[in-house]
Amino acid sequence: MQIDSDEDVKEEKATDQNIEADSASNAAEDDDDDEMDLASFSASANKTKTIAKKRKKGIIYISNIPKHMNVTRLREILGGFGQIGRVYLQPEKKLGGDKKTKKNKRKRYNIHFTEGWVEFESKRVAKQIVPLLNNKQISTRKKSQFYDSLWSMKYLPRFKWVHLTERMNYEQAVHKQRLQTEVSQARKETTFFQNNLDKSEHLKKLAKKAKKLESSGNKEEA
């Protein structure tokens, strides 16, 4: 039977201590890797938030829309300066409902617009485009339909597309209420006129009847 010497026992203890130290250092490295992964993830998340914050949209207002201008042409012209989101042009409000107006509703290119709002994907582009184009020719080509027309625009700070939607909904509600009031007033006037007409006809009938009675009474006396 072989008996281990004191040196062999010491070597085994040293080996066990080295193994424990290696395992502890590996665990510490794993923890460090996890912390680095979390740090890089949080950094990338913060970077994404920063990019999202920078991508604020900007809206410009065009107070005068020249004849023959529509949404498609406006996108073609202004799209060269930056990416465009939503565009809204206010159609000209015409009184009356003649046949020409009804035909023009079918042909959108015949509709004349009075004002418009253009949303740029970049707020910075929206701010820069106004001093660049305002009071300038829309087109420098002499054969262009917009050669004699000038841009009239301004940047709308702190203005969002939802504000425009709320305004349009309000105007539509006011217009609807006005139409209902006008229809109600027209009905009242028609009813009043009809009642007066009925009264006048009734009075005429009574007058005729009175004349007949008077003439028959005169004949009897004769």
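Which residues does Ile60 touch, not counting residues up to four places away in sequence? In this predicted model, Ile60 meets Leu78, Gly116, Trp117, Val118, Phe120, Ala126, Ile129, Val130, Met153, Lys154 and Tyr155. That list is a good way into the interior.

Ile60 belongs to the largest nonpolar core, a set of 22 residues. Ile60 is among those with the most contacts inside this core, together with Ile62, Leu74, Leu78, Val118, Phe120 and Trp151. Several elements give two or more residues to the core. Four are strands: E1 (58-62), E2 (84-91), E3 (113-120) and E4 (153-155). The helices are H2 (71-78) and H4 (123-133). H4 provides the largest share, five residues. A second core stands separate from this one. It has seven residues, including Ile59, Leu156, Trp161 and Leu164.

Now take H4. Its buried residues are Val125, Ala126, Ile129, Val130 and Leu133. Seen down the helix axis, they fall within an arc of 135°, so they line one face of H4. These buried residues pack against E1, H2, E3 and E4. The face turned away from the buried side carries Arg124 and Pro131, both exposed.

The two ends of H4 also deserve a look. At the N-terminal end, Ser122 acts as a cap. A side-chain oxygen of Ser122 lies 3.4 Å from the backbone nitrogen of Arg124. Just after the helix comes Asn135, with a positive phi of about 65°.

Next, the strands. How many bridges join E1 to E3? There are five, and the two strands run antiparallel. Within this pairing, Gly58 has Phe120 of E3 as its bridge partner. E2 and E3 also pair in the antiparallel sense, over six bridges. Here Leu89 stands opposite Gly116 in E3. E3 thus pairs with E1 and with E2. Seven of the eight residues of E3 are buried, so the strand is largely enclosed by the rest of the structure.

The aromatic side chains follow these strands. A pair of aromatic rings is described by the distance of the centres and the angle of the planes. There are two aromatic pairs in the model. In one, the rings of Tyr61 and Trp117 have their centres 5.3 Å apart. Their planes stand at 50°, so the pair is tilted. This pair links distant parts of the chain, with Tyr61 in strand E1 and Trp117 in strand E3, 56 residues apart.

The other pair joins Tyr88 and Trp117. Their ring centres are 6.1 Å apart, with the planes at 35°, so this pair is tilted. Tyr88 lies in strand E2, 29 residues from Trp117 in strand E3, and the pair again links distant parts of the chain.

Why is Tyr88 classed as partly exposed? Its relative accessible area is 25%, and the buried class stops under 20%. Tyr61 has a relative accessible area of 17%, so it is buried. Trp117 is buried too, with a relative accessible area of 2%. Tyr61, Tyr88 and Trp117 form one aromatic cluster.

Trp117 brings the path back to its start. Trp117 takes part in the pair with Tyr61 and in the pair with Tyr88. Trp117 is also among the residues that Ile60 touches. Those contacts include Ala126, Ile129 and Val130 as well, which are buried residues of H4.

Conventions. Residues are numbered from 1 along each chain as its sequence is written. This is a predicted model: local features need pLDDT of at least 70, side-chain atom pairs count only at pLDDT 80 or more; totals for chains, interfaces and linings use all residues. Side-chain values use heavy atoms; hydrogens and water are left out. A nonpolar core is a set of buried Ala, Val, Leu, Ile, Met, Phe, Trp, Tyr and Cys residues joined through side-chain atoms within 4.5 Å. Buried means under 20% relative accessible area, exposed over 50%, partly exposed in between (1.4 Å probe, protein chains only). Contact means heavy atoms within 4.5 Å. The arc is that of the directions from the helix axis to the C-beta atoms. A polar contact is a pair of N or O atoms within 3.5 Å; within protein, one must be able to donate a hydrogen and the other to accept it, and residues adjacent in sequence count only if both atoms are side-chain atoms. Rings of Phe, Tyr and Trp (its six-membered ring) pair if their centres lie within 6.5 Å; planes under 30 degrees apart count as stacked, over 60 as edge-to-face and the rest as tilted. Two strands pair if DSSP finds at least two bridges between them.
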